[in-house]
Amino acid sequence: MSLTVADLEKVQTQLTEAHLDYRTELVDGQIIIMGLSDYVSEVIVARLIFFLQNWVIPKALGYVTASSAGFRLPDGNLRGPDVSFVPAAKMRRAPRAFAEIVPDLTIEVRSASDNIKPLVEKLQRFIELGSQVGILVDPKNLTVTVYRASGEPILLTNEDKLTIPELLPGWELPISEIWPPVFE
């Protein structure tokens with residue numbers, strides 16, 4: 001049985017009415033229900049959104065969103081990357097529905113319970129559908145891997161800086177700034 005976005009919306013309504021806080025995605029006709037993330041992963045997501053928004057908003061470059069923003073993709077799937085960016089040139093006004101567009105930047109943050117392979121496959125699928133850059137943040141190994149349609153993945157560590165010149169010229173983020181601080 002192949003489910004649709006309409007089926008997913010019904011499931012979301014039922015979960016909301018039952019006061020259950022789950023994220024859902026539609027992947028190849030199946031509804032995927034995801035629970036809450038671990039704290040470190042969410043701190044990283046919040047930091048990434050903060051760093052991106054600080055660059056994007058003053059320059060009116062587009063929209064940065066978190067995982068609850070759903071994207072209706074050309075392959076029929078409905079996915080929500082942990083962090084995404086859509087340039088203003090591609091989306092002039094944010095829709096009050098799932099966005100029917102492929103974000104130019106997709107970021108996945110590995111949670112404590114995540115396996116790497118499905119995250120890499122998700123990012124690679126976004127790139128196949130039109131994302132220019134996919135980024136996998138792995139707090140377990142303190143690495144960031146950058147995927148592009150052309151070229152091999154680039155592995156970054158704490159000594160490196162993340163740059164995305166094709167989308168955010170001039171923006172750079174030291175990898176060490178991604179990780180949650182430790183307060184003494």
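## Internal cavity

The structure holds one cavity of 30 Å³ or more; the model in which this cavity appears is a predicted one. The largest cavity encloses about 30 Å³ of space. Its lining is formed by Leu 73, Asn 77, Arg 79, Lys 122, Arg 125, Phe 126 and Leu 129. By class, these residues comprise three nonpolar, one polar and three charged.

Helix H3 supplies the largest share of this lining, with four residues. H3 spans residues 116–129 and includes Lys 122.

## Largest pocket

The largest pocket contains about 780 Å³ of space. It is lined by 32 residues, and those closest to its centre are Arg 23, Met 34, Glu 108, Asp 114 and Lys 122. Two or more lining residues come from each of the following elements: strand E1 (23–27), strand E2, helix H2 (39–59), strand E7 and helix H3.

Which element gives the most to the lining of the largest pocket? The answer is H3, with five residues. The pocket lining divides into 13 charged, 10 nonpolar and nine polar residues. Lys 122 is thus named in both settings: it belongs to the lining of the largest cavity and is among the residues closest to the centre of the largest pocket.

## A buried ion pair at the pocket

Side chains of opposite charge can pair when their charged atoms come close. Lys 122 and Glu 108 form a salt bridge through their side chains, with an N to O distance of 3.1 Å. Because Lys 122 lies in helix H3 and Glu 108 in strand E7, this pair ties together parts that are 14 residues apart in sequence.

Are the two partners buried or exposed? Lys 122 has a relative accessible area of 7% and is therefore buried. Glu 108, at 4%, is likewise buried. The threshold for this class is a relative accessible area under 20%.

## Further salt bridges

In total, the structure holds nine salt bridges. One of them joins the side chains of Lys 90 and Asp 104, at 2.6 Å from N to O. Both residues lie in the loop between strand E6 (83–87) and strand E7 (105–109), so the contact ties together parts that are 14 residues apart in sequence. The two partners fall into separate accessibility classes: Lys 90 is partly exposed at 43% relative accessibility, whereas Asp 104 is buried at 3%.

Another salt bridge connects Lys 161 with Glu 172, whose closest N and O atoms are 3.0 Å apart. This pair links distant parts of the chain, with Lys 161 in strand E11 (residues 161–163) and Glu 172 in strand E12 (residues 172–174), 11 residues apart. Lys 161 is partly exposed, with a relative accessible area of 46%, and Glu 172 is partly exposed at 44%. Elsewhere, Asp 75, Arg 125 and Glu 128 are joined into one network by salt bridges that share partners. Arg 125 also takes part in the lining of the largest cavity.

## Nonpolar surface patch

Leu 20, Tyr 22 and Ile 33 make a nonpolar surface patch of about 280 Å². Ile 33 is placed in strand E2 (residues 30–34) and is partly exposed, with a relative accessible area of 47%. Strand E2 is also one of the elements that give two or more residues to the lining of the largest pocket.

Conventions
Residues are numbered from 1 along each chain as its sequence is written. This is a predicted model: local features need pLDDT of at least 70, side-chain atom pairs count only at pLDDT 80 or more; totals for chains, interfaces and linings use all residues. Side-chain values use heavy atoms; hydrogens and water are left out. A salt bridge is a side-chain nitrogen of Lys or Arg within 4 Å of a carboxyl oxygen of Asp or Glu. Buried means under 20% relative accessible area, exposed over 50%, partly exposed in between (1.4 Å probe, protein chains only). Patches are made of residues with over 30% relative accessible area and no salt bridge: like charges are joined within 9 Å, nonpolar side chains (Val, Leu, Ile, Met, Phe, Trp, Tyr) within 5 Å. Accessible areas come from the Shrake-Rupley method with a 1.4 Å probe; for residues, only the protein chains shown count as cover. On a 1 Å grid over the protein atoms alone, a cavity is a set of points where a 1.4 Å probe fits but cannot get out, and a pocket is an open set with protein on both sides within 12 Å along at least five of seven lines; lining residues have an atom within 4 Å of a point. Grid points are joined across faces, edges and corners, and a volume is the space filled by probe spheres set on the points. Ala, Val, Leu, Ile, Met, Phe, Trp, Tyr, Cys and Pro count as nonpolar, Asp, Glu, Lys and Arg as charged, and the others, Gly among them, as polar.
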